[in-house]
Amino acid sequence: MELLTYITEKALILIPVLLIIGKILKGIQKIPDKWIPLILLPLGIVGAMALGGWTVDSAIQGILVTGTAVYGNQVVKQLKKEA
């Protein structure tokens with residue numbers, strides 16, 4: 001199952017945006033890493049709702065793009081680790 005098949009074209013732009021915001025948040029020493037996904041979630045939901053309208057479907061799109069951004073970031077990190 002490919003996650004990107006469930007995300008609308010309008011919401012795809014939010015994935016790199018959330019990745020960039022996540023990198024910025026990681027650079028802020030006062031914010032522990034464990035809170036970054038929880039900070040990105042409402043940003044993703046609001047961003048998707050701003051792009052697609054204030055509907056439940058748009059909120060779900062926000063959850064999906066946030067999950068994709070966080071999951072994608074973790075996959076890259078894990079692949080870079082040495083065994």
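These legends accompany a set of views of one predicted protein model.

**View 1. The whole chain is built from four helices and has zero strands.** Reading along the sequence, you will meet the pattern α-α-α-α. The C-alpha trace covers about 40 × 30 × 15 Å along its principal axes. Of the 83 residues in the protein, 25% are buried. Among contacts with a separation of 6 or more, 56% link residues that sit 24 or more positions apart.

**View 2. The surface of the model and its charges.** About 6000 Å² of the protein is exposed, and carbon and sulfur atoms provide 69% of that area. If you are counting charged side chains, expect 8 positive and 5 negative ones. The centres of these two sets are 13 Å apart.

**View 3. Helix 3 runs from residue 36 to residue 52.** Its 17 residues take it 24 Å from the first C-alpha to the last, close to the 24 Å expected at 1.5 Å a residue. Look here for the buried residues Ile36, Leu40, Gly44, Gly47, Ala48 and Met49. An α-helix has 3.6 residues a turn, so residues three or four places apart point the same way. The buried residues of helix 3 pack against helix 2 (14-26) and helix 4. Just past the end of helix 3 comes Gly53, with a positive phi of about 100°.

**View 4. The largest nonpolar core brings together 11 residues.** Its members are Ile7, Ala11, Leu14, Ile15, Leu18, Leu25, Ile36, Leu40, Ala48, Val65 and Ala69. At least two residues of this core come from each of helix 2, helix 3 and helix 4. Helix 2 gives the largest share, with four residues. As a general backdrop, nonpolar side chains in soluble globular proteins tend to be buried together.

**View 5. A close look at Ala11, one of the core residues.** Which residues does Ala11 touch, once its neighbours within four places in sequence are left aside? They are Leu51, Gln61 and Val65. Val65 is also listed in the largest nonpolar core.

**View 6. Gln61, a residue of helix 4 (residues 56-80).** Is Gln61 buried or exposed? Its relative accessible area is 11%, and because buried means under 20%, Gln61 counts as buried. With neighbours within four places in sequence set aside, the contacts of Gln61 are Tyr6, Ile7, Thr8, Ala11 and Ala48. Among these partners, Ile7, Ala11 and Ala48 belong to the largest nonpolar core, while Ala48 is also one of the buried residues of helix 3.

Notes
Residues numbered from 1 in each chain as written. Predicted model: local features only at pLDDT ≥ 70, side-chain atom pairs only at ≥ 80, totals over all residues. Heavy atoms only, no water. Buried < 20%, exposed > 50% of the residue type's maximum accessible area, 1.4 Å probe, protein only. Contact = heavy atoms within 4.5 Å. Areas by Shrake-Rupley, 256 points an atom, 1.4 Å probe, with all protein chains shown as cover. Lys, Arg positive; Asp, Glu negative; His and termini not counted. Charge placed at Lys NZ, Arg CZ, Asp CG, Glu CD. Expected span 1.5 Å × (residues − 1). Core = buried A, V, L, I, M, F, W, Y, C linked by side-chain atoms within 4.5 Å.
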